Amino acid sequence: MSLRPVVALAGGVGAARFLSGLVQVVPPQDISVIVNTGDDRDFFGLRVCPDLDIITYTLAGCIRSDTGWGLAGDTFDCLGALRRLRSDTWFQLGDQDLATHIHRTARLREGASLVEVTREIAAAFGVDVELLPMTEALAPTRLLRRDAEPSDFEEYLVRDGAPDDIEEVDLSTAGSAAPAPGVLPAIDAARALLICPSNPVVSIGTIRAVRGVEERLRARRDAVAVSPIIGGKPVKGPADRLMRAIGAEVSALGVAKLYQPIASGIVIDRTDAQLGPGIEALGLRVRTGETLMQNARISRELAALTLELAMEAA
Ligand code: FO1
């Protein structure tokens with residue numbers, strides 16, 4: 001196992017776009033990414049790891065661009081055929097995407113670890129960045145909801161359309177999960193530790209909940225984050241609902257407060273510049289930039305700015 005100088009904590013689409021910029025400014029062989037697996041679950045007996053796959057497909061250049069998940073040009077014939085047989089087909093798994101899940105499940109059944117299978121899938125897609133699942137265990141995030149049964153993250157987000165009904169975010173399965181081999185050494189050895197613009201509660205929060213991770217991050221306290229909240233709103237996904245559920249303010253300042261124990265800096269959007277002094281008062285260094293990653297140039301410049309801030313601290 002070789003330790004890599006740049007380590008990033010990552011969730012789904014926002015992280016993937018950020019990482020596609022990071023590989024333009026750092027050789028991919030120098031980057032390790034610790035990926036949230038709290039959204040993972042089985043569909044039809046197949047292990048699906050949305051955040052690992054979103055990042056793999058994005059870095060491989062074959063992500064579906066309109067959604068930010070799934071494979072470009074994929075078809076849904078298998079799911080259509082399944083619909084004749086069963087009703088729980090609400091998660092859009094494309095035909096080619098299913099090949100990834102079939103392979104992953106088969107390898108896990110053969111006794112391979114998730115770390116190994118993830119490495120194999122990344123290699124097959126030509127991805128040189130090291131992708132490390134946060135844990136080998138299945139550690140689903142559980143959401144307790146008003147007037148609805150507790151659900152896992154995909155049930156909440158995709159099946160139910162992410163309503164504003166979360167009462168409690170239960171990360172206890174992550175809390176009792178051991179970090180995957182390589183996760184803690186990667187954190188300890190990083191020259192630059194980055195927190196991608198991901199959901200601070202159920203992507204980064206889930207990674208932080210894994211046994212030993214928070215302690216290592218606090219010991220360093222030099223991570224540099226990118227706020228996924230711009231102008232009081234998430235770019236994509238339900239970060240606003242999840243932040244409210246844990247009593248956090250939905251703003252770049254609210255994000256900074258959540259990261260204060262583990263971070264020394266944060267990049268916020270230019271439009272949130274007025275929040276800078278309040279964030280600096282928390283003891284964090286602040287940079288403003290364009291954070292809405294609408295194209296490759298913006299992703300690259302954002303990654304460069306974030307890395308610069310992290311290296312300044314080193
Ligand atoms: N997100 C959706 O909103 N609807 C879907 O049907 C859906 C399918 C899907 C299939 C494979 C995959 O890797 C991701 C998929 N996602 C879908 C996205 C994903 O579930 C979430 O964006 C992440 O869990 C958040 O990080």
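This dialogue explains how to read the ligand site and the salt bridges of a predicted model.

Visitor: On what basis are the values given?

Guide: In this predicted model, local features need pLDDT of at least 70 and side-chain atom pairs count only at pLDDT 80 or more, while totals for chains, interfaces and linings use all residues. Residues are numbered from 1 along each chain as its sequence is written, and side-chain values use heavy atoms, with hydrogens and water left out.

Visitor: Which residues come nearest to the ligand?

Guide: A residue is near a molecule if one of its heavy atoms lies within 4 Å of it. Here 14 residues surround the ligand, and D39, D51, F91, Q92 and E154 come nearest. By class, eight are nonpolar, two polar and four charged.

Visitor: Which polar side-chain atoms lie close to an oxygen atom of the ligand?

Guide: A polar contact is a pair of N or O atoms within 3.5 Å. A polar side-chain atom of D39 lies 2.8 Å from a ligand oxygen, and one of D51 lies 2.6 Å from a ligand oxygen. The protein buries 87% of the 530 Å² that the ligand exposes when taken alone, by the Shrake-Rupley method with a 1.4 Å probe.

Visitor: How many salt bridges does the whole structure hold?

Guide: Side chains of opposite charge can pair when their charged atoms come close. A salt bridge is a side-chain nitrogen of Lys or Arg within 4 Å of a carboxyl oxygen of Asp or Glu. The search finds 21. R41 pairs with D152, their closest N and O atoms being 3.0 Å apart. Because R41 lies in strand β3 (residues 41-43) and D152 in strand β7 (residues 148-152), the pair ties together parts 111 residues apart in sequence; strands are DSSP runs (E, at least two residues), numbered from the N terminus.

Key: Polar contact = N/O pair within 3.5 Å; in protein donor to acceptor, adjacent residues only side chain to side chain. Nonpolar A, V, L, I, M, F, W, Y, C, P; charged D, E, K, R; others polar. Helix = DSSP H or I, 4+ residues; strand = E, 2+ residues; numbered from the N terminus.
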